[in-house]
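Welcome! Please take a look at the sequence and structure below, and then read on for a short tour.

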Amino acid sequence: MQKSLTLAALVMMLTSPISANATGLYSCEPTDRAQWLTQAELTNQLENLGWSVRRMKEDGGCWEVYGTTPEGQRVEGYFHPTTGAAQLIAQRGRILFRADE
């Protein structure tokens with residue numbers, strides 16, 4: 001019985017439509033990839049502002065950054081890929097800052 005449930009769950013996962021969109025909290029508008037800041041450039045920009053960057057990845061057309069703010073808050077942030085401007089900052093699912101509000 002357990003094997004059939006596991007197999008059924010696996011089949012459902014593999015046949016479900018997979019979204020190519022963001023997996024996180026925010027999506028940036030499409031931009032030319034050639035104009036994006038590199039991870040090193042954005043890390044340097046954030047560190048100059050007092051941030052500590054632990055991890056960074058591309059998500060939803062943004063740079064998604066896991067780090068610590070200058071105030072010492074451990075957060076997840078979404079930054080514009082060409083300007084480095086903060087778009088959304090969240091802590092444990094709670095929105096602390098949103099650029100479009």
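Which side chain of opposite charge is nearest to Glu 76, and how far away is it? We come to that below, after the sheet. This is a predicted model, in which local features need pLDDT of at least 70, side-chain atom pairs count only at pLDDT 80 or more, and totals for chains, interfaces and linings use all residues. Residues are numbered from 1 along each chain as its sequence is written, and side-chain values use heavy atoms, leaving out hydrogens and water.

**The sheet**
- Five strands (DSSP runs of E, at least two residues, numbered from the N terminus) make an open, antiparallel sheet, ordered β1-β2-β3-β4-β5.
- β1 (52-59) and β5 (94-98) are at the edges with a single partner strand each, so one side of each has no neighbour in the sheet.
- β2 (residues 62-68) and β3 (residues 74-79) pair in the antiparallel sense over six bridges; strands pair if DSSP finds at least two bridges between them.
- Thr 68 has Arg 74 in β3 as its bridge partner.

**Glu 76**
- Glu 76 sits in strand β3.
- The answer to the opening question is Lys 57, at 6.9 Å; Glu 76 is buried yet has no salt bridge.
- Buried means under 20% relative accessible area (1.4 Å probe, protein chains only), and a salt bridge is a side-chain nitrogen of Lys or Arg within 4 Å of a carboxyl oxygen of Asp or Glu.
- For charge, Lys and Arg count as positive and Asp and Glu as negative, while His and the chain ends are not counted.

How values were computed:
Helix = DSSP H or I, 4+ residues; strand = E, 2+ residues; numbered from the N terminus. Buried < 20%, exposed > 50% of the residue type's maximum accessible area, 1.4 Å probe, protein only.
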